[in-house]
Amino acid sequence: MADTMEEDQPARGGAGYKLKGRGHNETQNMEERYTRARFTELDPKAAQGPSKSVEGWVIFVTGVHEEAQEEDLHEAFSEFGEVKNIFMNLDRQTGFVKGYALIEYASKAEAQAAIDAMNGADLLTQKLKVDYAFKKGDIKRGGARGARR
């Protein structure tokens, strides 16, 4: 029975065999593939400082309490402007927040107001650190890793 099954199935890549997924069509090279695509990138001539993401101004919040909910952050940060999006990464094993969040605003003024007011503020008994998620400029190295060099 196993012999007949092998004979009935066409050879891989042969007529009647349907290939699924990516990478099987070798007639298209990489240059050809990406010439039609539209990519957005940060302006390489832009001055140092915060940069806008594709969709808005994103701030990075660290020191978020592990039991914080999206509503807690929305309530605290919505008084500075309309919050377009909140992303909180959860630990797979515990289900708790990993300690940081990304919050997106439509305008730079709203994001700056949130940074100025909430940097160093307490939320659920934890002190928050707030800054722009995307910045152009020198990379600051700190902590134990930077001290060893």
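Strand 2 (residues 57–62) and strand 7 run antiparallel and are joined by 4 bridges. Strands here are DSSP runs of E with at least two residues, helices are runs of H or I with at least four, and both are numbered from the N terminus. Two strands count as paired if DSSP finds at least two bridges between them. One residue of this pair is Ile59, whose bridge partner in strand 7 is Tyr132.

The model is predicted, so local features need pLDDT of at least 70 and side-chain atom pairs count only at pLDDT 80 or more, while totals for chains, interfaces and linings use all residues. Residues are numbered from 1 along each chain as its sequence is written, and side-chain values use heavy atoms, with hydrogens and water left out.

The pair of strands 2 and 7 belongs to an open sheet of 4 strands, in the order 3-4-2-7, with antiparallel pairing. Strand 3 (83–90) and strand 7 (129–132) each have a single partner strand and stand at the edges, so one side of each has no neighbour in the sheet. From one strand to the next, the twist averages 20°. In a regular strand, side chains alternate between the two faces of the sheet.

At the other end of the strand order, strand 3 and strand 4 pair in the antiparallel sense over 6 bridges. Leu90 stands opposite Val97 in strand 4. These two strands form a hairpin with 6 residues between them, where Gly95 takes a positive phi near 85°.

Next come the helices. Helix 3 (residues 70–77) lies across strand 2, strand 3, strand 4 (97–105) and strand 7, and runs at about 140° to strand 3. Such angles run from 0 to 180 degrees between N-to-C directions, with axes fitted to C-alpha atoms, for helices over the stretch in contact. Helix 4 (residues 108–118) also packs on the sheet, touching strand 2, strand 4 and strand 7, and its direction makes about 155° with that of strand 7. Contact means heavy atoms within 4.5 Å.

Two loop residues complete the tour. Ser53 lies in the loop between strand 1 and strand 2. The side chain of Ser53 reaches the backbone oxygen of Gly56 at 2.7 Å. Leaving aside residues up to four places away in sequence, Ser53 touches Val58 and Phe134.

Ala47 sits in the loop between helix 2 (30–34) and strand 1 (49–50). Is Ala47 buried or exposed? Ala47 has a relative accessible area of 62%, so Ala47 is exposed; the term exposed applies over 50%, buried under 20%, and partly exposed in between, with a 1.4 Å probe and protein chains only. Ala47 and Lys136 are 89 residues apart along the chain, and their C-alpha atoms are separated by 7.4 Å.

Notes: Polar contact = N/O pair within 3.5 Å; in protein donor to acceptor, adjacent residues only side chain to side chain.
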